Structure formats: C-alpha cells, structure tokens
Amino acid sequence: MTSNTDDNRGIVSRRRFLALQSMVVAGAATGTAVGNPHTGSADEIQNTVSLNLAERTEAAVSDQLFGRLCEHYESGTIYPGIYSEHVTNNSFYPREWSEDDHFGPKTFFDPGSIDRHENVPFPWEPVGDSGVAFEQREAGVAAVETTDYQRIAIEDARGGISQKIVLPDFRTLGYDLSFSVRGDGLETITAAITTLDGETLAATDVAVADDWNRHEVTLKLAEESGDQYVAGSVADVETPYGKYVLEFTAEGSGRVDFDWIMLRADDAINGKFNPSTVELMREQNATWLKWPGGNFTSQYNWRDGIGPLDERPMRFNHAWGGVDPNYFGTDEYLELCEVADLTPRLTVGWWDNPGEWAAERQILPKDAADWVEYCNGSTDTEMGALRAENGHPEPYDIEHWEVGNEVWGPWQRGHTADPSEYASGSAERIGFNEYYDAMMAVDDSITVLADGMDPGYNESNTPDPAEWNSTLFEESGDRLDGLDLHRYNWGIESQAERDAWYDENDAGPIDYNEVLLMFPTQFGVLMDELSAEAADADIENFRINVGEYGLFPSVDEGAPYPGPETMPGGSYISGMLNSFIRQSETVVEASQTWVPVRMFPPEFTEAPPDPNPLAPAGSVFGLYSAVFETNAEWHAIDLDVGGAGRTIPDTGPRIRHMADVPYVDAAAIQNTRGKELCVFLTNRNLRGSSEVTIDLPEEYAGKPVAITRHRATASERPLPHDFQESWEEPDVYEVDHAIESVDHDGSLTLEVGPAAVVRLLVDNDHGRPDTVGDDGVWSGLNGSECEHHPGNGKGHGGPPSDSHDQRGSGKR
C-alpha cells in the first residue's frame, strides 16, 4: 500500500493519464482497415432480432439505470457547471501557486495569461502600478483556517484586484455580485465587469466604511463581450459563453480590504443552481445523481460542506486539483436533487488513515454514521438538530449509500490492494463491515453498497477482481446490499501495443473502434458471471450499481476517436444501456459519466472531454430515458440477435476474446399497462448499414410502430468520427421520426446506419404508440424545446416548468 505522506500528494486518477496527443481533433481523417476478414463490411450487412415474450423479467426494469455522475473535477464542473458561482478562489486562499501546480486554483484561462504577484493569490490579478501595494492578511469575514483577505494600499493612485471570468451571456446579462469590503481614507470602491480589453460593460460604486460591510448588487451587462470562450481537450469548440473581467478598484489615497467575493447568474435557480444543467437533466430524464464522486469521494469530509457559507473551509482537491470552497455541500446537493427531480445517492469516502498533512480528511465509521443521522435523523438527535439549525428541520430520508470509491486502485486516496482489509479491516485499517454496522445502527432502512470490482478488470497495478469480489462475498456477505462497480474502456494505451494488435489481428483503426463499441455485449456476460458467483456464495437479492461508465480510449494520432462527442460514442452508450436492460434483474442502477452540462477549462488542464451538452452520448441517453418518464412499468423481454458480426480479440487489459459478436445490439421491454413494446437497436459496424429484420410476436402483426432514428449526418464510409461542435443545434447527428406498420407476418425490416441508434415503440392496445413525438433529445440552443430568455433574446435558460411530468414507477 502506498503511504499517505507529503511525497504522494501527486497521486491522481488514471483518467488523467489519458494521452491527449493521441486524440483526434474535430474533422480529423479516418483510418481504414485493409484486407480484414473480420469486418463483414459490404455496402450493407444483415442482422435479425427475434423476441420471445414468454421470457420476461418478473421485476420491472428500474428507471434508476439513468443516473449521472456528479464529481468535483477541478473547479469547472461544480462551479459553475452545477452551482452558479463564477469566481475562483473567493476567499483568497493563502498560498502562492506556480503555473504548473496541480493543486492550485483553476481558471478558464491559460494560467500563463494571468499576471502573478507575490501578495495577490492566483487567479486574482493586481490592478495598478506605482503607488499601489498588495498584502494578504489573516482573519477576514470568511475567517476560517484556510482563508485570508486581500488588502490594497493606494497612494494617490488607482488600484485594485481583478479576475478573468467566463459568463453565460447567451442566457442572461444580469449577475448578482456579493462581497465584503472595508477601508480607511477611501469613500467608495467601484465594482465592474469589463471586456478583456478593458471596456466597462457594467459597474457600480459602493461606499466604504471602517468596519466590514457585506454588499449585494446586480451588475447588468450593457451587451455581450463578443469574445467567445473556446474550450475542449479533444477539440477546440466555440461555446456560447463569453470572456470577461471582474474588477474592483479605488482611487485616491488610503487602504481597502476585500473578502468573500461571489458572482452568480441572476437566473440561477433558487439563487444557486445553473439552470442549463437543471433543464438538461430534466429534459434528458436523468433519474438519480451520484455524489460527491468519483475519486473526489475518498478525500471529502461531509462536515466541510454544511452550515453558513462563510464558515466553510476551502480545501485542496487532491483528486483533480483546484481549491473547493465547499459551497456545494450536502444540503445544496439534496436541494438540487429536489429541483431536478433526482434520486439522491451519497458515497462515503474510505480514508480512515490519512497522514497528518490531510488529517482533516479522515473519514471514520462514526463520520459515516453521523452523515446518515444528519440526513435522516429526527431533530431529537444531535445531527438532526444540526440539520435543523442549518435550515432543514425535516429529515431527508436518504435511502441509497455507498462506502468507498475504487478503493482497490493505487490512484485512490486511502486505497488498498487487500480485499480482506477493505471488507473486514486490518490492524491498520477499518473495514467496510464496521462502516456498514455504524450506519445501520442509525437507520436500518437504508441500502449500503460495497465497492466491488468489474470482473473484466485485468491490470497489473490492481488486485484480481475475482479475488476481490469473492472476498467481499465471503467476509461481508450478510451485509452486502449490493456492489458498486465501474467500467471504463481505455483501449490499448501504448502505440507499440496497438501496432502489435493490428498485426496480430490483421486489423486497423476502424476495427479497433468497432471492438471498443462492441464491448457492451461482453459486459452483459461479465455481469452474468458475477451474479452467478454471488448466487454460489448464497448472497440473496444481489444487486449491481454500475456507478460510472464511459469510453475514453487511446487512439493513434490522427485516427478516429470514438469518445462521447461522436456518434460511435453514442452507439457505445446505447450498447451499455441495452446490456443494463438485459441484465436488469441484477443491474438495477447505473450512472453515466457525467452530468450533461460541464464547464471544463480548456486543454492545458488535461481534462479529457469537451463541455458540449449536445454530445451524442447525452442525446442517446435521453432517447432511452424518455421511455421511462411516465409511471408505466417496463419488463425486459428475452431476445436473440443473429447475422453478421465479428470476433472481439483480446484488446488491452479490459476486453477479452469473444467470438461471433453480432454487429447489431438490441434490448426489448414491454409495458405491462398497455402492452406497448419498445425495442432499442444500434449498429456497431462503422463501414456500412445493417438491414435489420425484427421478428415480433404475432399479436403485434399489423400494429403501428413509431420509429425514432438517431444517426450520423456524415455519408462517408467508414463513418467519420466527427465531434459535435455547435451548441446551437446538432451538427454530427440528426434525429427523425416515422410511423410505419408491422408486417402481417409480424416482422419489421429497416436500415440501421453505422453507429446509428434506433428506438421502436409498437402499440398493441390504443392504436398508436403512447410516447410518439418524445425523443428525449435536447435540440440545442435554437431547438424547438428551448425557452426564450428575456435577457438578450438568445437563451434557453430559466427554471424548468412546474408542469414537468413526474416519472418513476414507485421505486424512487
């Protein structure tokens, strides 16, 4: 086990090891495979899908397959991606940061473009030259151990501080600014938002007194800055956000002190939440939200995020870098879940033995139990009374909990390679069992999942997954409410090993992509094997939560990259959702990485994805989840897929050999209320369309069927892996609808293009499918589903409609 000392503060997630130089930029040339006997890639291939209504799951397919991961990735995802806060280092964290410091505060601008000053904390910048002096001082308004305040002394000059910021000016021109100020010898200060060139777009003067005063003002931009924010590691994408500078200045002679500066969009829901994110999670019918992570979980102590904001400490984000002000804590997360109609799921970190340098991050069974009591206890309990003191007298009644996140991974704080140590504990560590018992002693109605391993995980620096899971079954069996496991496909990270793979399999980059896309078929087999192992261990009512999943592989330079920004990435999400549906008797929860609006800074931060909510992975998610928006129950139907396919060779450490895998993947569900049938299809062949014949039971012969196709707009073959660039509307895919009839022999034949995803809704009761017209796909800023925002005539934001349908089947 790696010791927790100052020397290992640089341990980070493997996700940060993605080689950015290997990823293709938008519009890069595609590769082709020559002479590959495995492709079956004529102009059109053929596949069949046969349904068997006699084999149907007894339990309904859970709507909790449509979760999203919410993690504090650096400073951009939560602030302002979730929580509408546009200032970084709000309370002047008291440390100097080098340009390459992994743990320093983050900014949406290249750190090299920000002026540094030894007495002004990054990313704040000094304003003024001669006659202006700067000093960081202790014990300001936000007087907690991790914050300072900023003093500026002015001698017959103009001086102050500023910060470059990014604002959602496509949505609103109004911003609520709050800050604390005091001074001596100066009557007023000016707070302003300017362009990068210094043109003032909004400003206000505020009186300065000898004592600290808190000011809350609204700054209304006269116009947009005209300087768009371009972001993305995989591709530079022009976002609808604008670049600005927030500036505080004074003139004359004297001194002025600033502390606790916050800037929120005036359309923030409840004054807190990014309306774009809330709108998209509701429109894409996300049903639950995993928080606080992710790798961030292992170093998060929930007590840091409760109580008045000015009393919350700022903390290093040891997983992803940046400094977290802890404005988004337990109460805010649960408020967001209520606003966005999401089931909450809390993950307790497993780091009971941090070094002295991180002692405040320790998470013991009592901390876990106190968190349960804070959320679920009555006001007669100590923690319930604390919750009431913080403004929430009624218990939240949170049912779903987990202990640990990827604790078997050496990139994780507090990790272990010993499954017994995690399960039962050791002389040095406290195990899952003790956490479980402590949490259950507070509320025995909750569900607590343990941190399992994906059985297909086979990397040299991690434990054997079979041993890990079997140890949990053996040592924690009577406490196992289920396992949380993650599935990421990184592909083959070494170029030399990819070259060897090409030679061994007579393959090329397109074949490599097809194999990655076809893995979800194998994932279902892995879940079957894990379920069988649990049954052999006498684990009753075994359940699996696929708490994180995604496809972020290394590829050759200039070769097609099938990430979430592309239609092949959307096909991968379709395959995973199909697998979850087919395995829905045990896979009852799943959470896609990430929330649909993310505000990652640009590529120098090494963040792998682009922050575009129109990415195909998200729109495919919405296509599926829309079916579960009503109160109807759906049951999975057994099916068989045949026809053209290929062999999946051993591919990197997470994909094993599997013969004769059909190109087309499918899942089917039946609505018990109206007998409506839903079939999902995707074609993983990237060279040609598949002519798919679906054999339906005879009672559906002649019935109307609503066909929704989600397909790439590109006509070239192999399919170009273009990246979604526009925020205004989809530019790499289109979604269309048609109403047809099932043939009188019960069959339906249609063409499914490369990486296309198709949803079929077949009626057997009302003469029409129930959900015609609801494709679940956000249409972009100019789409018909977007609201007109009065701020500037461009936006779509604002609180979601109160008339939004409630979803679910009583399981939430």
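Reader: Let me start with one residue. Is Phe552 buried or exposed?
Author: Buried means under 20% relative accessible area. Phe552 has 4%, so Phe552 is buried. One caution before we go on: this is a predicted model.

Reader: Is Tyr488 buried or exposed?
Author: Buried, because the relative accessible area of Tyr488 is 3%.

Reader: Now the rings. How many aromatic pairs does the structure hold?
Author: The structure holds 45 aromatic pairs. Take Phe248 and Phe258 as an example: the centres are 5.2 Å apart, and the planes make an angle of 45°. That pair is tilted.

Reader: Are Phe248 and Phe258 buried or exposed?
Author: Phe248 has 0% relative accessibility, so Phe248 counts as buried. Phe258 is buried too, with a relative accessible area of 1%.

Reader: What do the rings of Tyr488 and Phe552 look like as a pair?
Author: Read the angle against the cut-offs. Planes under 30 degrees apart are stacked, those over 60 are edge-to-face, and the rest are tilted. The planes of Tyr488 and Phe552 are at 35°, so the pair is tilted. The ring centres lie 6.0 Å apart.

Reader: Which parts does the pair tie together?
Author: Tyr488 sits in strand E18, residues 483-489. Phe552 is in the loop between strand E19 (544-551) and helix H10 (567-582). The pair therefore ties together parts that are 64 residues apart in sequence.

Reader: Which residues do ring pairs link into a cluster?
Author: One cluster holds Trp291, Phe296, Tyr300, Trp302, Phe328, Tyr333, Trp371, Tyr374 and Trp401. Follow the ring pairs from residue to residue to trace the cluster.

Reader: Next, the backbone. What should I expect?
Author: Most residues other than glycine have a negative phi, and most peptide bonds are trans. Look for the exceptions. A cis peptide bond joins Gly293 and Gly294, with omega at about 10°. Gly294 is in the loop between strand E12 (288-291) and strand E13 (315-316). Thr593 and Trp594 are also joined by a cis peptide bond, with omega at about 25°. Trp594 belongs to the loop between strand E20 (587-592) and helix H11 (616-625).

Reader: Where is phi positive in a residue other than glycine?
Author: Asn326 is one case, with phi near 65°. Asn541 is another, with phi near 50°. Asn326 is in the loop between strand E14 (323-324) and helix H2 (330-339). Asn541 is in the loop between H9 and E19.

Reader: Are Asn326 and Asn541 buried or exposed?
Author: Here the two part ways. Asn326 is buried because its relative accessible area is 3%. Asn541 has 71% relative accessibility, so Asn541 counts as exposed.

Reader: How do I read the surroundings of a single residue?
Author: Place the residue, then list the contacts. Try Ala755, in the loop between strand E29 (747-752) and strand E30 (757-762). Ala755 counts as buried because its relative accessibility is 0%.

Reader: Which residues is Ala755 in contact with, leaving aside neighbours within four places in sequence?
Author: Met567, Pro568, Ser571, Thr682, Asn683, Asn685, Leu686 and Leu719. Add a backbone distance as well: the C-alpha atoms of Ala755 and His721 are 9.9 Å apart. Those two residues are separated by 34 residues along the chain.

Reader: How do I find a pocket?
Author: Rolling a probe the size of a water molecule over the atoms shows where empty space is left. Here, the largest pocket has about 430 Å³ of space. Its lining comprises 24 residues, and the closest to the centre are Arg582, Gln583, Asp638, Leu639 and Ala666.

Reader: Which elements give two or more residues to the lining?
Author: Strands E1 (44-56), E21 (634-643), E23 (658-662) and E24 (664-671), along with helix H9 (509-536). E21 gives the largest share, six residues. By type, the lining has 11 nonpolar, four polar and nine charged residues.

Reader: Last, the whole chain. How many helices and strands are there?
Author: The protein chain has 11 helices and 30 strands. Of its 812 residues, 66% are buried. Consider contacts with a separation of 6 or more: 78% are between residues 24 or more positions apart. The accessible surface is about 27200 Å², and carbon and sulfur atoms account for 42% of that area.

Note on methods: Residues are numbered from 1 along each chain as its sequence is written. This is a predicted model: local features need pLDDT of at least 70, side-chain atom pairs count only at pLDDT 80 or more; totals for chains, interfaces and linings use all residues. Side-chain values use heavy atoms; hydrogens and water are left out. On a 1 Å grid over the protein atoms alone, a cavity is a set of points where a 1.4 Å probe fits but cannot get out, and a pocket is an open set with protein on both sides within 12 Å along at least five of seven lines; lining residues have an atom within 4 Å of a point. Grid points are joined across faces, edges and corners, and a volume is the space filled by probe spheres set on the points. Helices (H or I, at least four residues) and strands (E, at least two) are DSSP runs, numbered from the N terminus. Ala, Val, Leu, Ile, Met, Phe, Trp, Tyr, Cys and Pro count as nonpolar, Asp, Glu, Lys and Arg as charged, and the others, Gly among them, as polar. Buried means under 20% relative accessible area, exposed over 50%, partly exposed in between (1.4 Å probe, protein chains only). Contact means heavy atoms within 4.5 Å. Accessible areas come from the Shrake-Rupley method with a 1.4 Å probe; for residues, only the protein chains shown count as cover. Rings of Phe, Tyr and Trp (its six-membered ring) pair if their centres lie within 6.5 Å; planes under 30 degrees apart count as stacked, over 60 as edge-to-face and the rest as tilted.
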